[in-house]
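Student: I'd like to look closely at one small part of this model rather than the whole thing. Could you pick a spot and walk me through what surrounds it?

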Amino acid sequence: MTKFVYLFNEGNSHMRDLLGGKGANLAEMTNIGLPVPFGFTITTEACNDYYANGKKISGAVETQIEEALLTLEEKTGKKLGGKENPLLVSVRSGSVFSMPGMMDTVLNLGMNDETVEAVAGLTGNPRFAYDSYRRFIQMFSDVVLGIDVYHFEHLLEQTREQKGYTADPEMTAEDWKDIIAGYKKIVKKHTKQDFPQDPKTQLYLAVNAVFDSWNNQRAIVYRRLNKIPDHLGTAVNIQSMVFGNMGDDSGTGVAFTRNPSTGERVLYGEYLINAQGEDVVAGIRTPQPIQVLAKDMPEVYRQFVKTSKLLEEHYQDMQDIEFTVERGKLYLLQTRNGKRTAQAAIRIAVEMVKEGILDKKTALLRVDPDQMNQLLHRRIDGSATKNHLAKGLPASPGAATGTVVFDADEAERLGKEGEKVILVRPETTPDDIHGIVASQAVVTSRGGMTSHAAVVARGMGKACICGCESMKIDLKAKQFTVGDTVVRYGDVITIDGSTGEVMLGEVPMIDPELSGEFKTLLEWADEVRDLGVRANADNPTDAKKSLEFGADGIGLCRTEHMFMDIKRVPIVQEMILAETLEEREKALDKLLPMQQGDFEGIFEEMAGHPVTIRLLDPPMHEFLPDKEELLVEVTKLQLTAPESKELEEKEYLLKKVQHLAEFNPMLGHRGCRLGVIFPEIYEMQVKAIFYAAAAVLQKGIKVQPEIMIPLVGHVNELKRMRALVTDMANQVMEEKGLKFDYTVGTMIEIPRAALTADQIAEEADFFSFGTNDLTQTTFGFSRDDAEGKFLQQYIEQKVLPENPFAVLDQEGVGKLVETGVKLGRQTKPGLKTGICGEHGGEKSSIEFCYKTGLNYVSCSPYRVPLARLAAAQATIRNKKEDTDKVTVAAK
């Protein structure tokens with residue numbers, strides 16, 4: 001019989017897939033003797049069984065829950081629904097991967113009209129008992145009964161105002177009784193039924209609700225964003241309650257064993273005296289720094305510091321700990337590996353190596369390559385004039401400018417339209433996640449640095465400020481005020497998540513400075529990785545930046561980008577519109593010295609590193625005016641100036657544009673097809689490359705040019721183009737009286753090229769897989785049309801697991817890459833292979849490239865650090881797998 005329910009002392013940290021992260025950690029903490037309130041975990045398999053059973057708990061699962069509940073009652077000496085010593089429990093979700101705030105929780109379950117009196121009598125604290133009961137009704141009604149929390153908050157706010165209170169702790173037991181009566185009326189009004197009094201009924205309804213929350217909208221969005229599989233399901237943790245709201249010797253908090261924003265080795269967190277855990281994470285009250293606990297309860301603080309150190313050493317990672325103090329006794333409710341910024345992740349990994357907690361390879365695996373991007377963006381210029389408006393808590397570092405919006409749906413809508421927005425809310429809830437995703441940054445007027453907004457923003461690498469209490473937000477009027485200043489919807493603000501500052505208007509920003517730990521980690525990565533990392537760079541500035549970020553060379557220099565300069569476009573158009581070879585060569589003669597200058601600058605910056613230069617690739621219409629716009633201009637001129645010279649020129653241009661127009665230009669006359677029909681264009685480019693190489697060599701600087709022929713589909717195309725390159729090289733070397741080395745290869749971006757790679761390799765010194773076009777031609781997708789019209793829906797509806805232009809399609813496009821490498825090396829065993837599409841900077845695609853045996857990946861300069869780390873991780877993981885396989889085989 002399948003075991004669906006585990007007591008905390010029956011599990012351990014290696015059972016995450018079954019118990020979820022929270023359940024596995026509660027079991028582990030129980031086993032190492034920490035003060036964890038006892039309970040049991042209903043497994044992820046039970047969740048999947050629930051869905052398979054038509055969203056009903058099966059008899060087998062119910063039986064095991066009853067048995068575990070009986071053990072819990074025996075262990076605690078309390079009984080669920082007991083009138084003398086009632087057991088109260090929390091019901092919490094716990095997925096395999098941490099999803100903070102995405103799914104539902106119910107606290108104080110077991111409270112009813114009878115048990116509340118028993119709790120009041122046992123504790124001698126009626127105020128606490130009725131406060132706990134009203135919390136339970138509100139939370140249960142929201143999570144289980146689906147009643148909007150607004151109705152309860154509105155009643156509570158009204159009562160506070162009538163009584164003249166400023167905070168909940170001022171409410172008396174009688175006040176809470178009145179609130180409870182009002183809450184019950186709200187439930188009756190919205191459900192047509194009384195609030196459920198039977199604790200067993202409450203329990204099963206709550207378990208159902210947690211299972212159901214696995215598929216709520218915010219959880220689905222979060223999983224999609226963080227690439228968490230949908231089939232995993234969530235576990236449910238039933239845990240005996242401890243109470244932080246029993247008076248001034250009680251409290252609740254959340255703390256990290258290190259600063260999750262900076263990585264500094266200091267205890268970092270917040271707590272609230274006389275409160276329950278949800279008060280901290282929900283941002284309902286602004287909490288105190290954890291260090292205040294040292295003054296309020298010094299012995300508890302000392303115990304907590306000791307426990308935090310023990311947990312960090314046990315898990316060998318920074319921990320995010322939830323705790324409650326009940327009448328001076330510390331209880332741990334959860335520990336998990338803490339979410340952190342990129343800056344903190346790197347510092348923690350490097351410092352833990354220095355502290356002897358981790359080895360270098362483990363430290364490299366601890367940093368998510370995607371986080372590297374957080375460190376490579378701009379920050380506020382310290383010398384800039386700032387119109388300071390307000391200050392809150394620096395919850396997630398980074399800076400951002402955007403227009404103010406107050407609604408998550410509005411943020412999403414404007415974000416899709418390309419507008420940069422900053423989401424401003426009193427506090428965020430998990431339902432706001434889609435708006436946070438679409439925003440540049442988040443600001444809240446309530447909540448602390450461990451509130452929902454802070455945790456989610458840090459995980460996404462977005463700037464965030466919380467607890468900005470001087471902001472008075474009016475959601476209905478779509479504005480906030482700070483003193484006499486009013487900021488309305490659509491106004492521009494700038495925020496600095498590192499300092500907590502909010503500023504009016506746009507503030508200048510500067511490039512980031514990378515920490516010593518950042519450089520150290522990447523040096524370790526370079527020691528380990530077996531895969532080269534190059535950059536896509538089209539000018540000397542990008543080439544220089546590539547080297548600064550540690551690139552091994554340039555894997556793609558797109559020569560057409562050199563023609564896009566506004567001064568050059570007229571000459572390019574002259575070349576395209578030429579009627580005769582003579583006219584075309586005249587235009588090419590003007591372009592040659594410009595191209596030569598471009599290449600000289602790049603070669604000088606790269607100083608002997610390889611530079612792969614792709615000859616002209618795009619369709620010619622890209623350099624010409626838009627046909628529709630030109631037609632409008634001609635029509636206007638025919639009406640307003642029929643005899644003008646301008647009309648004559650425009651009509652001629654329109655005729656040429658119409659002549660060059662293609663039904664499908666991405667599959668038309670471009671790439672090597674252009675070089676075959678108009679060889680003089682490629683001759684000019686190759687001459688420019690070799691003249692540049694000769695000039696730089698004469699300065700005593702080494703050069704390593706690699707000429708790449710684009711869009712080859714047949715070996716004969718490459719054969720012709722290789723002969724052209726060789727002829728030009730010989731001419732230039734003879735003319736300049738010197739010799740230089742160069743190679744000729746091709747970009748594999750047509751399926752036929754991959755399938756006939758053995759033939760093409762006869763004429764190629766290297767292959768570079770252009771996976772952008774290879775994805776288009778393999779799927780039959782036009783990238784722009786697909787992404788604009790249906791691709792997002794494909795991903796949402798799970799027709800495709802990922803956007804294939806962002807993450808390499810290993811099953812289809814990947815097979816063509818594997819085939820191309822295998823066939824090419826059958827002809828030339830030492831054939832150099834690389835990848836230069838967008839996938840060269842995506843971590844899972846980089847690992848695929850390593851496994852496939854490519855020599856290098858190439859990506860944008862700013863993704864080079866990411867690729868260096870991902871390449872190292874691929875090497876570590878796959879060498880470990882190989883070692884494990886050998887060990888198993890030996891056994």
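Tutor: Happy to: what follows goes from one residue outward to an enclosed space. The model is predicted, so local features need pLDDT of at least 70 and side-chain atom pairs count only at pLDDT 80 or more, while totals for chains, interfaces and linings use all residues. Numbering runs from 1 along each chain as its sequence is written, and side-chain values use heavy atoms, with hydrogens and water left out.

Let's start at Asn 237, which belongs to strand β7, residues 234–240 (a strand is a DSSP run of E, at least two residues). With a relative accessible area of 1%, Asn 237 is buried (under 20%, using a 1.4 Å probe and protein chains only).

Who keeps Asn 237 company? Its side chain makes a polar contact with the side chain of Thr 41, at 2.7 Å (N or O atoms within 3.5 Å, one able to donate a hydrogen and the other to accept it; residues adjacent in sequence count only if both atoms are side-chain atoms). Thr 41 is also on the list of residues in contact with Asn 237 (heavy atoms within 4.5 Å), once neighbours within four places in sequence are set aside. Beside Thr 41, that list holds Phe 40, then Phe 8, Lys 22, Gly 23 and Leu 26, and the run Ser 90, Val 91, Arg 92, Ser 93 and Gly 94.

Arg 92 leads us on to the enclosed space. There are 2 cavities of 30 Å³ or more (sets of points on a 1 Å grid where a 1.4 Å probe fits but cannot get out). The largest cavity has a volume of about 100 Å³, taken as the space filled by probe spheres set on points joined across faces, edges and corners. It is lined by 13 residues (those with an atom within 4 Å of a point). Arg 92, in contact with Asn 237, is one of the five closest to the cavity's centre; the others are Met 241, Val 242, Thr 324 and Leu 333.

Strand β7, where we began with Asn 237, returns here: β7 and β5 (89–95) each supply at least two residues of this lining. By class, the lining has 8 polar, 4 nonpolar and 1 charged residue (nonpolar: Ala, Val, Leu, Ile, Met, Phe, Trp, Tyr, Cys, Pro; charged: Asp, Glu, Lys, Arg; polar: the others, Gly among them).

Key: Helix = DSSP H or I, 4+ residues; strand = E, 2+ residues; numbered from the N terminus. Buried < 20%, exposed > 50% of the residue type's maximum accessible area, 1.4 Å probe, protein only. 1 Å grid on protein atoms, 1.4 Å probe; cavity = no way out; pocket = protein on both sides within 12 Å on 5 of 7 lines; lining within 4 Å.
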